[in-house]
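Dear colleague,

I am handing over the structure below, and my notes on it follow directly after. Please read them with the model open beside you.

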Amino acid sequence: MTDRRDGAPGAMLVIISGPSGVGKDTVIDALRSRQHRPEYHYVVTCTTRPPRAYEADGVHYQFLDRAEFERLDQAGEFLEANFVHANWYGTPRAQVRDALAAGRDVILKIDVQGAQVVKEEVQDALLIFLVPPSLEDLFVRLRSRATETADELDVRQQNAAIELARQDDYDYVVVNETDEVEAVAARIDQIIDEERRRHPGRRVRV
Ligand code: 5GP
């Protein structure tokens with residue numbers, strides 16, 4: 001049995017999800033540059049994917065080899081673990097739990113399947129789904145990022161259409177309008193503030 005603990009009253013677990021290439025990282029960067037008291041905790045998740053050139057271990061991800069990932073998974077250390085686009089990804093439970101216990105809102109950026117698993121396990125989690133202005137717009141963004149091989153790009157494009165079809169599973173859907181990232185970050189802050197006002201004493205158990 002996994003040992004669960006209550007977070008501090010009002011501290012929220014906010015899942016930001018959406019298809020690959022929708023701009024989750026850009027939106028999170030914009031959130032980081034806004035003031036929050038106390039500061040949001042941004043979860044550093046684990047992956048078996050090799051780092052991209054600009055990525056640093058412990059900052060963008062904890063990069064693990066397959067054996068270490070499996071060991072942590074079997075020990076129940078992940079709130080959820082998922083195979084996404086041919087690699088493993090997992091959310092470290094202790095990191096989320098500790099930040100909530102310290103009274104901080106926790107921002108978790110994960111894929112659509114992982115978001116569903118967390119929502120099933122943690123009903124009080126708040127799910128925010130980012131969508132592109134259009135599917136074509138998403139494909140253009142994915143191609144221009146040029147971080148994947150042609151085959152990987154195919155997989156991500158197919159997955160994106162499937163993922164967009166699941167919008168109804170989310171508490172809030174936010175359109176990541178092109179060149180409107182500041183407004184999108186402001187909208188996310190507003191959603192978080194409104195939710196907390198609605199449930200001021202809520203304790204999220206992870
Ligand atoms: P990328 O390889 O582009 O960094 O991430 C691929 C996808 O995996 C993205 O949608 C990202 O949000 C998601 N992801 C990152 N960390 C986790 C995690 O811990 N769990 C799950 N389920 N997805 C994750």
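To begin with the ligand, 16 residues surround it, and those that come nearest are Arg-49, Tyr-61, Glu-80, Tyr-89 and Asp-111, a residue being counted as near if one of its heavy atoms lies within 4 Å. Please bear in mind that this is a predicted model, in which local features need pLDDT of at least 70 and side-chain atom pairs count only at pLDDT 80 or more, while totals for chains, interfaces and linings use all residues. Residues are numbered from 1 along each chain as its sequence is written, and side-chain values use heavy atoms, with hydrogens and water left out.

Three polar contacts to the ligand deserve a look, where a polar contact is a pair of N or O atoms within 3.5 Å, and where, within protein, one atom must be able to donate a hydrogen and the other to accept it, residues adjacent in sequence counting only if both atoms are side-chain atoms. A side-chain N or O atom of Asp-111 is 2.4 Å from a nitrogen atom of the ligand, whereas a polar side-chain atom of Arg-156 lies 3.1 Å from a ligand oxygen and a side-chain N or O atom of Thr-91 is 3.3 Å from an oxygen atom of the ligand. Taken alone the ligand exposes 510 Å², of which the protein buries 97%, the areas coming from the Shrake-Rupley method with a 1.4 Å probe and, for residues, with only the protein chains shown as cover.

Asp-111 also appears at the start of helix α4 (residues 112-121), where one of its side-chain oxygens reaches to within 3.1 Å of the backbone nitrogen of Gln-113; helices (H or I, at least four residues) and strands (E, at least two) are DSSP runs numbered from the N terminus. The buried residues of α4 are Val-112, Gly-114, Ala-115, Gln-116 and Val-118, with buried meaning under 20% relative accessible area, exposed over 50% and partly exposed in between (1.4 Å probe, protein chains only). Their cover includes β1 (13-17), β5, β7 (106-109), β8 (126-131) and α6 (150-164).

Turning to the strands, which pair if DSSP finds at least two bridges between them, an open sheet of four has the order β4-β3-β6-β5 with mixed pairing. β4 (62-63) and β5 (78-84) stand at its edges with a single partner strand each, so one side of each is left without a neighbour in the sheet. Helix α3 (residues 93-101) packs on this sheet and touches β4, β5 and β6, its direction making about 30 degrees with that of β6; axes are lines fitted to C-alpha atoms, for helices over the stretch in contact, and angles run from 0 to 180 degrees between N-to-C directions. Strands β3 (residues 46-47) and β6 (residues 87-92) run antiparallel and are joined by two bridges, and Cys-46 has Gly-90 as its bridge partner in β6.

Elsewhere, β7 runs parallel to β1, with four bridges between them, and pairs in the parallel sense with β2 (residues 41-42) over two bridges.

Finally, how buried or exposed is Thr-45? Thr-45, in the loop between β2 and β3, is buried, with a relative accessible area of 8%. Leaving aside neighbours within four places in sequence, Thr-45 is in contact (heavy atoms within 4.5 Å) with Tyr-61, Gln-62, Gly-90, Thr-91, Pro-92, Leu-108 and Ile-110.

With kind regards
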